Amino acid sequence: MIIIGEKVNGFIPRTLQAIEERDEAYIRKIAEAQTEFGADFIDVCAGTAPEIERETMKWLIGLVQDTVDTPLCIDSSDTDVLLEMMQLANKPGMINSISGETGKCEAILPVIGGTDWKVVALTCDQSGIPTDPEVKFQIADSLIQKALAHDVPLGNIFIDPLVTTLATTNDSLLSFNEAVRKIKGKYPEVHITSGLSNISFGMPFRKAINTQFLALAMSAGMDSAIMDPTSADMRATLYSTDALLGNDDFCMNYLTAFRKGVIGPAKK
């Protein structure tokens with residue numbers, strides 16, 4: 001399971017407060033904690049007004065890279081910002097994101113082609129975010145073909161089928177999982193990722209929905225997640241689900257995580 005740590009993100013209220021107050025200690029703390037608990041990438045997103053996004057991203061990237069050696073997942077809806085921030089990365093990481101919207105693939109793919117950079121590709125286009133799994137698959141198929149044409153290998157592509165909120169779309173998980181199966185069926189080497197907390201927006205006791213979404217989506221073939229690795233509930237769900245799905249030989253990862261205190265009851 002490839003974990004993209006979600007917490008250095010200005011759309012999270014506590015992180016936005018730290019950004020506004022230029023609280024370096026807090027940003028360093030959450031970068032360190034996510035790395036300690038297994039993040040393969042650290043997502044960095046300003047979540048601020050466009051006029052200060054570049055300045056904020058430079059500050060965040062500098063802090064994170066000064067604190068941990070974990071590769072960055074550079075996250076912005078502005079392709080110019082993505083391209084500019086790539087130049088600040090100490091090593092190839094991940095771009096979040098491209099989509100079927102006009103211009104995004106054309107700007108990003110020629111730059112990352114033939115490199116070790118990974119890319120998140122969203123199943124949306126000029127028409128918005130589809131709920132039909134077949135449409136999600138068709139957009140994903142188109143994005144994958146464009147990436148291949150620019151020498152981006154299948155293993156560097158992370159498709160996000162964009163789960164909709166359960167509060168407004170009753171079959172959001174079913175649609176997501178069907179799209180995952182279709183994509184993995186044609187492109188088994190492509191990774192599937194998702195922002196786990198999106199599905200529970202507007203619902204009470206969100207962690208119950210988020211953890212079950214993680215388990216059920218993993219059973220459909222999702223092999224990456226944009227998540228909070230510092231959450232004990234998330235870690236327990238991830239390790240136990242991986243073992244139940246037969247992806248953990250002799251449950252060694254689960255047992256090692258338990259012995260190290262990564263999962264299990266809180267220590268008194």
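**Close-up 1. A nonpolar patch on the surface of this predicted model.** F250, M252, Y254 and L255 form the patch, and together they offer about 430 Å² of accessible area. Patch members have over 30% relative accessible area and no salt bridge (a side-chain nitrogen of Lys or Arg within 4 Å of a carboxyl oxygen of Asp or Glu), and nonpolar side chains (Val, Leu, Ile, Met, Phe, Trp, Tyr) are joined within 5 Å. Areas come from the Shrake-Rupley method with a 1.4 Å probe, and for residues only the protein chains shown count as cover. This is a predicted model, where local features need pLDDT of at least 70, side-chain atom pairs count only at pLDDT 80 or more, and totals for chains, interfaces and linings use all residues. Residues are numbered from 1 along each chain as its sequence is written, and side-chain values use heavy atoms, leaving out hydrogens and water.

**Close-up 2. L255 in its helix.** Here L255 sits in helix α10 (residues 252–259); helices are DSSP runs of H or I with at least four residues, numbered from the N terminus. L255 is partly exposed (between 20% and 50% relative accessible area), with a value of 35%.

**Close-up 3. The largest pocket.** Its volume is about 1,200 Å³. Of the 40 residues that line the largest pocket, N9, F11, D75, S197 and N198 are the closest to its centre. A pocket is an open set of points on a 1 Å grid over the protein atoms alone, where a 1.4 Å probe fits, with protein on both sides within 12 Å along at least five of seven lines; lining residues have an atom within 4 Å of a point. Grid points are joined across faces, edges and corners, and a volume is the space filled by probe spheres set on them.

Technical notes: Patch = residues over 30% accessible without salt bridge, like charges linked within 9 Å, V, L, I, M, F, W, Y side chains within 5 Å. Helix = DSSP H or I, 4+ residues; strand = E, 2+ residues; numbered from the N terminus. Buried < 20%, exposed > 50% of the residue type's maximum accessible area, 1.4 Å probe, protein only.
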